[in-house]
Amino acid sequence: MPDIAAVKAALTNQRIETPSWGYGNSGTRFKVFAQAGVPRTPQEKLDDAAKVHEFTGIAPKVALHIPWDTVDDYAALAAYAKERGVELGTVNSNTFQDDDYKLGSVCHPDPKVRRKAVGHLLECVDIMDATGSKDLKLWLADGTNYPGQDDIVARQDRLAESLAAVYERLGDDQRLLLEYKLFEPAFYTTDVPDWGTSYLQCLKLGERAQVVVDTGHHAPGTNIEFIVALLLREGRLGGFDFNSRFYADDDLMVGSADPFQLFRILHEVAGNSGFDAETNVAFMLDQCHNIEAKIPAVIRSVMNVQEATAKALLVDRDALSAAQRDGDVLTANATLMDAFNTDVRPLLRELREEQGLAPDPVAAYHASGWQERIVAERVGGEQAGWGA
């Protein structure tokens, strides 16, 4: 049976990065829905992220998105974060919200556009230097809409050349994390559509180029935990973007659509040393809270990952390995299901109390009065959101 003390120790060491954009206004393709009290500046986003960490105890890092989080002094922004008990984490680039990128960015047929896109990515590395961030994450909207629109192989060559220029600029302790997405916004080909394409590009770059698995960026029925297991086996799983989807890339709260899938993914992480510090897997949320309150949704999402992690750590791996060796299919499956069906909420409430935290982070947040305060104080100015 799993050692509960060891499970608690692993949960205490767990870290989940929250995205700055998760605190801003977002919506559908048709409308962005504004909420009262939404941050107007990167500093106010950090204020909200600090509240998430205050009540969960495991969310000390905040991912930035450039240019949505552009400031004049990034070192000062890092200091501001530190004063509030958090730190700046992954720097996310944006090569999809500019008219020049209509036909692509780093894969664009025009070398001038490619130079512009690479220049932005190099600027992001400069920001990493100033903030102390270790990871540059790239999601590329590059692709084509029609057969014959562009040469598929030539676009891969352009991608490789552009990524190589960025990789060369990285510091020795910095990584390039390459995300993939099955489709959208391109409808015929996407230049980085799957984990295999990302992996191949990363292999050519070097060990500090790794794959990001966004849990919403797959075709229905895709066995994401298989992808995770293989990338861990190869030492190329750089991180996660956690969210949920019912149809396509819905960016719903992680664990809300299929909590069993999240458990299966984290079971593979636990079984392949993915939680070990030296494996260096970055666990991050990538969500847009369109109709729900922002901060409670982020807190609940952190808790969802925490609960699924606790279940994954409770798998009786000795019993599972024995059943697998014996070819005992039903016992092996039952061993996994026993862990998934365990109610870990009492364990996590107990752990939080041992850490001096409130047993129910969402209730503690509502009782804190922070939501009422920001609604009253954040009046005027321009709220943060897509493109802001």
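Searching the whole structure, which is a predicted model, turns up 26 salt bridges. Side chains of opposite charge can pair when their charged atoms come close. A few of these pairs are worth a stop along the way.

Take R40 and E44 to begin with: they form a salt bridge in which the closest N and O atoms sit 2.6 Å apart. R40 has a relative accessibility of 25%, so it counts as partly exposed. E44, on the other hand, comes out at 13% relative accessible area and is therefore buried, given that the buried class is under 20%. This pair doesn't stand by itself, since R40, E44, D48 and R378 are linked in a network of salt bridges.

Helix α5 takes part in two further salt bridges. In one, D126 pairs with R169, with 2.7 Å between the closest N and O atoms. Distant parts of the chain are linked here: D126 belongs to helix α4 (residues 111-131) and R169 to helix α5 (residues 152-169), and 43 residues separate them. With a relative accessible area of 42%, D126 is partly exposed, and R169 is partly exposed too, at 29%.

In the other, D191 forms a salt bridge with R155, the closest N and O atoms lying 2.9 Å apart. Again the link is between distant parts of the chain, as D191 is in the loop between β9 and α6 (195-205) while R155 is in helix α5, 36 residues away. Both D191 and R155 are buried.

Turning to the nonpolar side of the surface, I152, V153 and Y188 make up a patch there, together offering about 310 Å² of accessible area. Y188 is found in the loop between β8 (175-179) and β9 (189-190). A relative accessible area of 44% makes Y188 partly exposed.

Then there is the sheet. Eight strands build an open sheet with parallel pairing, in the order β1-β4-β5-β6-β8-β10-β11-β12. Its edges are β1 (18-19) and β12 (282-285), each of which pairs on one side only. Toward the β12 edge, strand β11 (residues 237-242) pairs with β12 in the parallel sense over four bridges. Within this pairing, G239 has A282 in β12 as its bridge partner. Helix α8 (residues 259-271) packs on the sheet and touches both β11 and β12, its direction making about 160 degrees with that of β11.

How values were computed: Residues numbered from 1 in each chain as written. Predicted model: local features only at pLDDT ≥ 70, side-chain atom pairs only at ≥ 80, totals over all residues. Heavy atoms only, no water. Patch = residues over 30% accessible without salt bridge, like charges linked within 9 Å, V, L, I, M, F, W, Y side chains within 5 Å. Areas by Shrake-Rupley, 256 points an atom, 1.4 Å probe, with all protein chains shown as cover. Salt bridge = Lys/Arg side-chain N within 4 Å of Asp/Glu carboxyl O. Helix = DSSP H or I, 4+ residues; strand = E, 2+ residues; numbered from the N terminus. Buried < 20%, exposed > 50% of the residue type's maximum accessible area, 1.4 Å probe, protein only. Pairing = 2+ DSSP bridges. Contact = heavy atoms within 4.5 Å. Axes fitted to C-alpha atoms, helices over the stretch in contact; angles between N-to-C directions.
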